[in-house]
Amino acid sequence: MENVSAQHRFTDRYLLAALMAIELLMSFSFLGYFHVEPISLTIAYLPVLLAGALLGPWEAAAVGTLFGLTSMWKASASYVMPSDQLFSPLFSGNPLGSLLLSMGSRALFGLITGLLYAGVKRLRHSGIGVGLLSYFGRPIHSFLVYSAMALFFPAAGFGPGIIVRQFFNQSDVLSNLGTAAFVLLVWGASRTQTWHKFQQRIELSFSIRTRERYRRLTIAVVAGVALVAAFAVTVYFVHRIDYVLSEKGIDLSETSYADIMHLQVQFMLGIMSLMVLMVLFLVLNRHYNSYMAYEGKIDFLTSAMTRRAFFSACSRALKSVQNQTSPLGYFIMVDLDRFKEINDQYGHPEGDRALQGVAHCLKETMGERCIIGRMGGDEFAALLCENVPADELEASLKLFQARVHRINWREQHLTCSIGAYPIRPGLSPEELYQETDRLLYAAKEQGRDRYVIGP
């Protein structure tokens, strides 16, 4: 099994995709902007803070850029307030200024908070730092946005001084406290053993050979088809709305028609963000379940199959070759010589190292040709369902023994005894095991550190 990156690269990618989907959902629904008298809360910036706290500054900047794109889209409609239209290159009169205001300030917000989170997480009491930074996340965001407005649209009358008046506003204080509590809760959950174990299993699911491979091209094609279909539905409904209103005697102007299309696209993007979240959940769940099924069949110490899984795999492999008339391959057994003495002299950790080394040598020598399992203790088995000449098998066994000899303690090196029995039609895995076990003990009786090929 391959080493797992300490950076959790796959789970980080999924988490980033989920946060971007949540950003879309919050920006195009009441989840990001809602008003309950006497409190008005705006928390669409929350995924940006979560990306900074959980991932890093560049990921937070990416989510912030998406946040800016959504605000720019919403501002590009005739029904929004004039102050909001400053965020749209179509209506502001300063397209570059609008781009820097809507997207640049949000990307900078993500980058700055991500860097700050990276700093406070190194502190001794990192939880306090994360909580305080999250509390001031909204004021930082507002400061950057209002500063950009003052820089690019000074005539609008907005500036960073507004933050002072908002700082002690009841709804803003409650919003800041809620933000700090939520980010701290999620960040704390990401540091638990449960989450780290989940991450590790997802990462390992990508490194095992039995995993299901999700083809990027297939996913891209399906996503493209879904996007085209969703846009077709959007256009259809806008046309139907126009038709129904016309039947009622209400004729839409071009501006009204464009505004309805604008809202319908927002609805489409919100629904698609839900679809993305559902797909991400299903894919992660599939990877997790695949690894758990795999883990149940694998010996934890050596990464070889367990005895039960090995015999089950052998049964399936033998069925696939039972109608062949040519030689079918070999059933091979390996037993470490004087393994009890290794444990007694050097301790069980060294015994575990020996077992891991033998399993590695067996995989390295036999490669993809064999099904390999640990029968228990210091005994391994391998099924080679391939027409291999006897001299080639002997060469492979000699190479395997030479590699085993490299596992040493002081002036002693590890040895093993091997039995190899040719597969015959009609024999079950259990019968092959018994015949090969007889050859294995014949090798031990002949002085160990040798192989016997039967019959």
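Reader: Which residue lies over the face of tyrosine 433, and at what distance from the ring centre?

Author: In this predicted model, arginine 307 occupies that position, 5.1 Å from the ring centre of tyrosine 433. A second such contact involves arginine 106, whose charged end sits over the ring of phenylalanine 67 at 4.5 Å from its centre.

Reader: With which ring does tyrosine 433 form an aromatic pair, and what is the geometry?

Author: Planes over 60 degrees apart count as edge-to-face. Tyrosine 433 and phenylalanine 311 form a pair of this kind, with 85 degrees between the planes and 5.8 Å centre to centre.

Reader: Where along the chain do the two partners lie?

Author: Phenylalanine 311 belongs to helix 12 (residues 307–321) and tyrosine 433 to helix 16 (residues 429–445). The two residues are 122 positions apart, and their pair links distant parts of the chain.

Reader: Are phenylalanine 311 and tyrosine 433 buried or exposed, and which residues form the aromatic cluster with them?

Author: Both phenylalanine 311 and tyrosine 433 are buried. Phe310 and Phe331 join Phe311 and Tyr433 in one aromatic cluster.

Reader: How many aromatic pairs does the structure hold?

Author: There are eight aromatic pairs. One of them joins tyrosine 135 and phenylalanine 136 edge-to-face, at 5.2 Å centre to centre and 85 degrees between the planes.

Reader: Why does tyrosine 135 count as buried, and how is phenylalanine 136 classed?

Author: The limit for a buried residue is under 20% relative accessible area. Tyrosine 135 is buried because its relative accessible area is 15%, whereas phenylalanine 136, at 35% relative accessibility, counts as partly exposed.

Definitions and conventions. Residues are numbered from 1 along each chain as its sequence is written. This is a predicted model: local features need pLDDT of at least 70, side-chain atom pairs count only at pLDDT 80 or more; totals for chains, interfaces and linings use all residues. Side-chain values use heavy atoms; hydrogens and water are left out. Rings of Phe, Tyr and Trp (its six-membered ring) pair if their centres lie within 6.5 Å; planes under 30 degrees apart count as stacked, over 60 as edge-to-face and the rest as tilted. Buried means under 20% relative accessible area, exposed over 50%, partly exposed in between (1.4 Å probe, protein chains only). Helices (H or I, at least four residues) and strands (E, at least two) are DSSP runs, numbered from the N terminus. A charge sits over a ring if NZ of Lys or CZ of Arg is within 6 Å of the ring centre and within 35 degrees of the ring normal.
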